[in-house]
Amino acid sequence: MVFNSVTFIIFLVAVISLYWLLPRTVRMWILLIASCVFYGFWRWEYLSVMFVSALTDYYTAIAIGNTPIENKKRRKALLAITLIVNLGLLCYFKYLFFFTDNTNNFLNFVGIDYQLPLLRVLLPFGISFYTFETISYTVDVYRGLIKPEKSFLHYGLFVTFFPKLVAGPIQRAAELLPQLKERPTFKVEYIAEGLKRILYGLFLKVALADNISPMVDEGFDLAPSTLSAIDVWMLAFMFGFQIYFDFSAYSHIAVGAAKMMGITIPENFNFPYMASSFKDFWKRWHISLSSWIRDYLYLPLAKIKVSTTTGAGGIGEGLETTDRSAKTKALFLTWAIMGLWHGANWTFVLWGIYHALIIFLERKLKPLRNVIPILNAFWIGWAITLPLAMLSWIPFRADSLADTFLMLEKVITPRAYTFYTMRENNYIIAAVTMVGIMLNYFANHFLEPRLNKIPYLSFGVNFVKFTVIIIFVFTFLRPISQFIYFQF
Amino acid sequence: MPSFFNRESGKQVNRGIFMKRQKLLFEIILGFGFAYYIVFNFFSGDRKFEDLALGTETVSYFAVDERQRPIHIQKSNQEEADALLNGWKSRGSKPVILFLGNSQTHSINQQKQGEVNFVEILYKYSLGSPLDVLCISLPNAGLQEFYLAYEYWKMKLPIQAVVLPVFMDDLREDGIRDVFFTDLIREKFQLKDTADFAAVKINRELQSYWPTNENSKMNVQSEDAPVLDETFQERTENFLNRKLEGRSSTWGNRSNVRGEFFNWLYKLRNTVLGIKANTIRKMIPQRLQLNMHSLSLLVKECVKENKKVLLYIPPIRSDAKLPYDENEYAKFKDSVREITEVNKRLIYFKNFENIVPTELWGYKAATNLQSEREVDYMHFQYKGHQIMADSLQHVLEKAIYPHGI
């Protein structure tokens with residue numbers, strides 16, 4: 001079910017009402033059934049894929065929990081089962097075409113006259129998210145950070161919980177399972193806070209992301225060779241805005257829907273385009289994924305022991321401690337995999353490596369920043385980070401590596417700055433949106449705390465803000481485009 | 001520390017916390033209430049975005065008989081394709097001269113009782129001849145859309161000749177608007193010539209609108225929900241939208257409200273940047289190239305099928321400075337003329353830019369928030385339509401059908 005639809009609004013009202021009206025004992029069942037219905041509205045038959053993943057981890061985690069720590073061989077074998085099943089599902093549904101296509105290209109290249117059959121498989125919504133959640137659960141049990149969950153109702157709900165099911169935030173069992181067992185009592189602020197976040201999310205999606213989308217699509221549909229450098233920058237910024245509004249909208253709605261049931265799920269964004277370095281960016285962008293990658297990929301590859309499990313912090317926390325060459329390899333490998341997680345295309349791998357390279361350079365230039373303190377100023381860091389971060393969206397959105405390189409080449413060609421080829425509105429909208437994001441950041445950090453000290457003024461401002469948001473949501477609400485992260 | 005407070009101040013603390021906790025909910029509820037008031041008082045009623053863009057002086061006009069019943073010869077929306085086809089059949093299914101055009105073709109400035117547009121005049125001229133006159137006039141259409149419209153209609157009608165105005169303004173347009181082509185999307189229509197990048201782009205855009213379910217009905221609901229193709233949610237969403245539209249005209253009016261909002265943004269932009277109707281608009285190279293490619297594909301297709309084509313530069317008012325770069329405008333006219341060089345026996349070129357006198361033009365709704373109206377470069381009065389009809393008739397008789405139509 002997509003969030004930006006009338007169906008979801010009615011579904012949510014029904015689920016929240018039943019959740020609070022029915023006795024506590026049946027609430028979890030209601031939520032489990034509602035989560036399956038939510039997923040089934042897209043393709044009910046793909047529920048089976050999700051339950052294969054969930055059941056595998058449910059039983060292997062219990063088996064690991066029942067195996068003494070000294071029996072490392074058996075524990076490792078059980079963990080391997082989890083990894084094989086989950087990564088196998090992910091590979092089959094997400095990477096089969098990519099692998100076979102690349103194998104065929106390789107066979108062609110070495111002159112072997114054999115081609116594997118190319119199979120395109122429909123990617124189940126949310127598979128990248130729920131497989132990561134189930135893997136993290138079993139790994140945490142294996143590491144002894146949490147105990148295996150005995151109740152399949154609670155465990156099943158941890159996997160299927162509908163607000164975060166399709167596009168995260170990627171939830172840790174240690175954070176969600178205790179809340180599911182807690183069964184909170186009704187509080188008005190749950191509804192108010194949840195409603196607020198849902199309105200924010202719908203506004204970002206239907207009023208902003210969906211209206212930027214046609215301009216981005218038009219630009220990336222054009223032959224890259226005909227674009228100017230100004231076009232490439234504009235498209236990088238516009239896609240950066242689109243994906244931010246789109247994905248943060250989903251996260252707002254997910255957080256809001258869960259909050260309405262008294263459940264807190266972690267924040268996924270924190271003004272990423274106000275980051276002053278790439279390390280900072282990854283503490284602010286898709287925080288739940290970057291912290292997952294840190295705990296289950298980067299730190300193990302860098303041979304650093306993981307002693308806690310939390311979805312907070314982002315990958316930047318883990319990078320803080322690394323400087324040796326072995327860890328540099330881990331850095332690049334992690335980011336290449338992170339890129340591939342986003343999509344089965346070399347463009348995503350390039351996107352990952354681009355980020356790794358800049359993080360690597362940031363680390364190497366640290367001594368220089370110590371010598372020239374002004375380089376540590378927020379504004380300087382921000383002015384360098386923002387354009388580089390935006391430029392990284394080019395490989396993320398372009399159709400192929402060839403298109404990516406053509407577009408990036410424009411950026412370093414002085415002659416390509418002398419003209420522009422798209423409608424003037426696009427450049428104006430990109431500039432206005434960037435100013436809007438900056439103003440929002442300052443309003444949030446500096447104006448709002450002061451405003452909150454004057455209750456009547458703050459009440460008036462918020463009332464006007466919600467009126468405007470509601471009118472926009474009413475006018476623009478229609479499922480004309482999927483959330484971008486559904487495809488991942 | 002509250003535990004050290006006496007009962008009275010403890011109550012005050014609790015009341016304060018209570019007020020703080022409820023404040024957000026009150027803000028949202030009041031927001032809903034005020035939004036409801038605004039939406040139902042300002043967004044309801046019958047609204048047509050196109051008329052709003054034309055301003056008060058110009059109206060869209062479609063042919064009617066003496067009893068005010070529609071004569072189905074001209075449509076500005078593909079949704080009315082069936083009416084156009086039925087009208088053509090009822091008149092004897094004669095071979096067709098197909099006119100393609102934009103709002104200039106169907107709109108009349110300062111219209112008075114009984115005044116009609118040039119398409120109706122030409123239709124009346126054709127009465128009794130072995131040919132019928134039909135027109136597809138899509139507001140703000142680009143040549144990509146004209147090419148697509150031609151390719152589609154040639155499957156439905158025995159087209160003998162095509163008359164096509166080439167507006168410099170329209171070369172800044174891009175893309176295929178689903179709102180005008182719901183039939184094509186439902187029928188999964190595709191252009192055959194996929195060797196050209198313009199055709200590939202048009203096909204790709206059409207595909208993006210295609211429902212995967214053959215039975216799914218392309219209507220307002222599903223246009224609003226293309227991402228849900230064939231899922232249970234698509235059916236639910238369409239059902240809910242139909243119910244909501246049945247109960248509330250405000251809900252059904254949302255697309256017009258969106259149009260008005262963008263129109264307001266457009267005016268705001270023009271106000272801030274000082275853009276007026278006569279401000280020079282530069283060509284957008286990518287769009288120009290795609291549109292000119294589409295035009296040449298259309299022409300080549302007609303030549304291949306031995307159909308005659310009249311391309312003309314449409315009338316534009318000459319008493320005000322043109323909103324085009326002079327060099328670009330001259331180059332544009334030359335490029336259109338060059339396209340007709342492909343085959344002089346079948347393809348004709350006419351420049352009508354100066355045939356409508358100054359006094360027959362009017363004003364349109366302002367394109368900014370400061371002034372009330374601005375000069376209209378596109379729409380002229382009835383007498384202008386009469387001049388247009390006579391000029392076209394002259395060319396049609398002389399060049400396209402020298403033996404009379």
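Here are some questions and answers about a predicted model with chains A and B.

Reader: Let's start where the chains meet. Which helix of chain A gives the most residues to the side that touches chain B?

Author: The meeting place brings 38 residues of chain A into contact with 37 residues of chain B. On the chain A side, the elements that give two or more residues are helix H1 (6-21), helix H2 (24-43), helix H9 (188-221) and helix H21 (455-476). The one that gives the most, with 10 residues, is H21(A).

Reader: How many residues on that side of chain A are nonpolar?

Author: The side of chain A that touches chain B holds residues of three kinds. Nine of them are polar and eight are charged. The nonpolar residues number 21.

Reader: Staying with chain A, how far apart are the C-alpha centres of domain 1 and domain 2?

Author: Domain 1 of chain A covers 6-105 + 119-183, while domain 2 covers 184-221 + 238-250 + 428-488. Taken from C-alpha centre to C-alpha centre, the two domains of chain A lie apart by 29 Å.

Reader: Now to chain B. What percentage of its residues is buried?

Author: Chain B contains 15 helices and 10 strands. Among its contacts between residues at least 6 apart in sequence, 75% join residues at least 24 apart. Of the 405 residues in chain B, the buried share is 36%.

Reader: There is a sheet in chain B. Which strands stand at its edges?

Author: Six strands form this open sheet, with parallel pairing, in the order E2-E5-E3-E6-E7-E8. A strand at the edge has a single partner strand, so one side of it is left without a neighbour in the sheet. In chain B, the strands placed like this are E2 and E8 (347-351).

Reader: How many bridges pair strand E3 with strand E5 in chain B?

Author: E5(B) has a parallel neighbour in strand E2 (residues 74-75) of chain B, joined to E5(B) by two bridges. There, Gln74(B) has Cys135(B) as its bridge partner, and Lys75(B) stands opposite Ile136(B). Strand E3 (residues 96-101) of chain B also pairs with E5(B) in the parallel sense, with Leu100(B) opposite Ile136(B). The bridges between E3(B) and E5(B) number six.

Reader: Which residues of E5(B) point the opposite way from Asp132(B), Leu134(B) and Ile136(B)?

Author: In a regular strand, side chains alternate between the two faces of the sheet. Strand E5 (residues 132-137) of chain B is mostly covered, with six of its six residues buried. Asp132(B), Leu134(B) and Ile136(B) point one way, and the residues pointing the other way are Val133(B), Cys135(B) and Ser137(B).

Reader: What is the angle between helix H5 and E5(B)?

Author: Helix H5 (residues 118-126) of chain B lies across E2, E3 and E5 of chain B. With respect to E5(B), helix H5(B) runs at about 165 degrees.

Reader: How many residues of strand E6 of chain B are buried?

Author: E6(B) pairs in the parallel sense with E3(B) over four bridges, and Val96(B) has Ile159(B) as its bridge partner in E6(B). Strand E7 (residues 308-313) of chain B pairs with E6(B), again in the parallel sense, over five bridges, and Val163(B) stands opposite Leu310(B) in E7(B). Strand E6 (residues 159-165) of chain B is largely enclosed by the rest of the structure, because the buried residues among its seven number five.

Reader: Is Thr105(B) buried or exposed?

Author: Thr105(B) has its place in helix H4 (residues 103-106) of chain B. Leaving aside neighbours within four places in sequence, Thr105(B) is in contact with Phe99(B), Asn117(B), Val119(B), Cys135(B) and Ser137(B). Burial takes 20 or more other C-beta atoms within 10 Å. Thr105(B) has 25 such atoms, so the residue is buried.

Reader: How far apart in space are Thr105(B) and His385(B)?

Author: In sequence, Thr105(B) and His385(B) are 280 residues apart. In space, C-alpha to C-alpha, the distance between Thr105(B) and His385(B) is 8.6 Å.

Reader: Last one: how is H8(B) placed relative to H13(B)?

Author: Helix H8 (residues 197-209) and helix H13 (residues 285-304) of chain B pack with their axes 8 Å apart, at an angle of about 100 degrees. Because angles of 65 to 115 degrees count as such, H8(B) is, relative to H13(B), roughly perpendicular.

Note on methods:
Residues numbered from 1 in each chain as written. Chains lettered and ligands numbered in written order. Predicted model: local features only at pLDDT ≥ 70, side-chain atom pairs only at ≥ 80, totals over all residues. Contact = placed C-beta atoms within 7 Å. Nonpolar A, V, L, I, M, F, W, Y, C, P; charged D, E, K, R; others polar. Buried ≥ 20, exposed ≤ 12 C-beta atoms within 10 Å, placed from the backbone. Domains from an automatic or database assignment. Axes fitted to C-alpha atoms, helices over the stretch in contact; angles between N-to-C directions. Parallel < 35°, antiparallel > 145°, perpendicular 65-115°, else oblique. Pairing = 2+ DSSP bridges.
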